[in-house]
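User: I am new to this structure and would like to understand how its parts are arranged. Please take me through it in questions and answers.

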Amino acid sequence: MAVLTCYLCEQPVVTEVPGDGHIFCCHGCRELWRLMGDEEIKELKSRPGVNWENLRESITTPTPVLPLNADPKTVTIDIDGMWCASCSILVEQVLTRMPGVLGAQIDFATSTAQVAMDASTTSSHELEQAIIKLGYDAKERETSDEELEFDRDLVLLRRFGISVVLTIFVMMFSVPVWSGYLPQFPPTLRESLEYGLWALATPTVFFSGWPFLRGAWSSLRHGVPTMDLLISIGSLSAYGYSIYTIFSGGKYLYFDTATMFITFLLLSRNLEVGTRNRAAGVVRMLSRLSVKSAWVLRDGQEIQTDISQVHVDDQIVVRPGEKVPVDGTVIEGHSAINEAFLTGEAVPVDKKVGDIVYAGTVNSTGRLVIKALRVADDTILAQTSRFVKAAQGAQGQWRKLADRVLRIFVPSVLVFGLLTFVYWDLVAKAGTAPALLNMIAVFVIACPCALSVATPLAVLAGAQRLGGYGMLLRSDDALERASDVDTVIMDKTGTLTTGQMTLTEFWPMNPEIMQLVGSLELASEHPIAAAVTKYMEQQHITYLPIEQFTEEPGWGIKGQVAGHDVHIGQLDGTEHLSSEMQEKLNEWQEEGRTIAKVVVDEVIQALFSVEDQPRAHAKEAVSSLAQQGIQVIMATGDSEEAARVMAQKLGITRYYARQKPIDKATLVEELESQGHHVAFVGDGINDAPALVKAHLGIAMGTGSDIAIEAGHLTLTRPNLMSLVDTLTTSKQVTRIIKQNLLWALFYNALALPAAAFGYTGPFIAAVAMLLSSAFVLANSLRILGFSPKRYILGTSVALGVGTSLALIAWLGL
């Protein structure tokens, strides 16, 4: 069967939106097509695929000119009703074409618009009206994100509180209705009771239930059925039929059904909000760590500058007690830095000249001057917050499956409910009231709340759990990738080892050669270079100027020093060595040292050896991964002997030595071509190709910027057990997502027929829906250590005690 697709974005069309002879998936795509024109759309489709980010760049917008008397202002507008990426582009393009708008950026994931405008030319009200005319709801945000979320949660809780109180009264006054005594009441008393129930139910349905009604109206306006539409039809049907009964002199009222329905749904919604807020605590924590200003050294003066005006290479002063505003290198001072948000360790870390500090960490003791390496949105802190937020709305395979099911599920339930009403009223001749109740029960019990929150809550909880391990998200699908890993390849130096190399011996001890070596190594940032320069300083060797310098990642360095061509690198086995040098080489190789040769003017003049120590818990991490059935491989640029000795120390049975960067990437490709899902863990420039090629790239936070940029995850804690915990948690997240989806589908498969055949009334349906959502919420919270068993046990004990006391009182004991 052919699938109807949108003319613009080519996504499957659930509800047809016609326009100018074409079919679109939503009104956003239709209006964007009209805005761009058919020629531009055809040119776009000639490219391989529709990339929405490229589409933004392909649309030309007039360049705003800021007048001298301008009043620049930035506003944030919350938008309701955006259904796909083209909606956000439509809003963005319409706003940027408005007079007085300097720029607009739409965040589809959070449904917000950031608009820079000239307040003397336009206003936020005009921006809101322009968005509303497109068919969306829009309102300016006047508080911060955190305050807005708090206000929204408070309003939702207030709606729930009012609903609970009024529903209790409705249930109390509905006893005559349930018992069938209402027709026997005197007319005056009966009317008072009926109108009283009507008065109590009205605020519940229209004030407490307003979020559902608003969503239903937006659903109808855009022609896209949602679960809010089902909820609204169910509550309004019971409410409306009860009013009809009052005026027609009927026997039963269903105000209690409508109010109880709204109350249980709001309870479910509040539980969902509370769970989401708990899981999203890492995002709020990261936002609170950001700094608004920094003290920048300008012409020897400390000037307080807005953080947006700080640039790379600026020198920034950080006083004791202040947060570090940017990622940078310490160039002056010594202090202890609290890096708890990065590493999870509460003990401050000593920082000295040459060490890297990160934005959001806290300077505990001394004054520091740092040179900015990453500023604003490029800092590890900002990137982490951004990717955690992206993970919340990440369209992984399970989220996509849930979305596809929901697209079909909601319209199907709507049709199923209407057929239920028709069957009971016209076929079974049960009467309008039973038919209506069965239809309402179908809408209530099929509410897909559990299905819609099954994936995002688990992902949120997983992201927070990873943050506790010191593992930072750099890709919104990192959790999904990590759950599939069955093979882990690790670099040696700086990953399995501390990376703190020590030069153990230089042979022969020729001061002139050592001076050449020290001078060339001074230009390199490799751990071996640091060990060499430290050794040279201890030997009081002075440095010579370098005329040329070239680094071959994973192999060595070369350059011209004082007129000599100097090459320092690994031995490849083709060298012709003197007997004494060969003897020394054999001795070092047996000890498993890392050995380098020094070639001066194409002649090997010296050898030197360095050693590195394994990281703490590295052997434990390797053993734990092996116990989980994950294959561990070491790939290093070191010699065969050094690789063998380190592999034996750590219990690694498979290793590869003398690996250049391209060799590591090729190894990853070979393993993945065999059907393995490979995670590569590395820290250096030479690891970047493999990190990019791997199914999952994990960069050490102490490594190079290139390695960090290439990875899907960044490990900020120097404990490799965090890697084990990350892979375990990711598998748990995937397992819980599967459980949630299976539960939601299984529940609806049983509940829908039961409601349709009249086995569950609206009240029982509302309770069942609540329990279904509660199961998904509690199951997702298990990732954060929540124990449903403990709460079930506590509730059972409380109910048992209460029942026992009631029984004793009833028996008069």
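The exchange below concerns a predicted model.

User: In what order do the seven strands of the open sheet stand?
Analyst: The pairing in this sheet is mixed. From one strand to the next, the twist averages 25 degrees. The order is E16-E28-E27-E26-E17-E24-E25.

User: Why is one side of strand E16 and of strand E25 left without a neighbour in the sheet?
Analyst: Strand E16 covers residues 471–473 and strand E25 covers 654–656. One side of each is without a neighbour because both stand at the edges, each with a single partner strand.

User: Which residue in E28 stands opposite Met 471?
Analyst: Strand E28 spans residues 713–715 and runs antiparallel to E16. Three bridges join the two strands. Opposite Met 471 stands Leu 715.

User: What angle does helix H25 make with strand E26?
Analyst: Helix H25, residues 661–673, lies across E17, E24, E25 and E26. Strand E26 comprises residues 678–682. The helix runs to this strand at about 160 degrees.

User: Where does the kink in helix H8 lie?
Analyst: Helix H8 has 22 residues, 187–208, and reaches 31 Å from its first C-alpha to its last, close to the 32 Å expected. The kink is of about 25 degrees and comes shortly before the proline Pro 203. Its position is Ala 201.

User: Is Ala 201 in H8 buried or exposed?
Analyst: Buried residues have under 20% relative accessible area. In H8 they include Leu 197, Leu 200 and Thr 204. Ala 201 is likewise listed among them, and is therefore buried.

Note on methods. Residues numbered from 1 in each chain as written. Predicted model: local features only at pLDDT ≥ 70, side-chain atom pairs only at ≥ 80, totals over all residues. Heavy atoms only, no water. Pairing = 2+ DSSP bridges. Helix = DSSP H or I, 4+ residues; strand = E, 2+ residues; numbered from the N terminus. Axes fitted to C-alpha atoms, helices over the stretch in contact; angles between N-to-C directions. Contact = heavy atoms within 4.5 Å. Expected span 1.5 Å × (residues − 1). Bend = angle between axes of the 7 residues up to and from the residue. Buried < 20%, exposed > 50% of the residue type's maximum accessible area, 1.4 Å probe, protein only.
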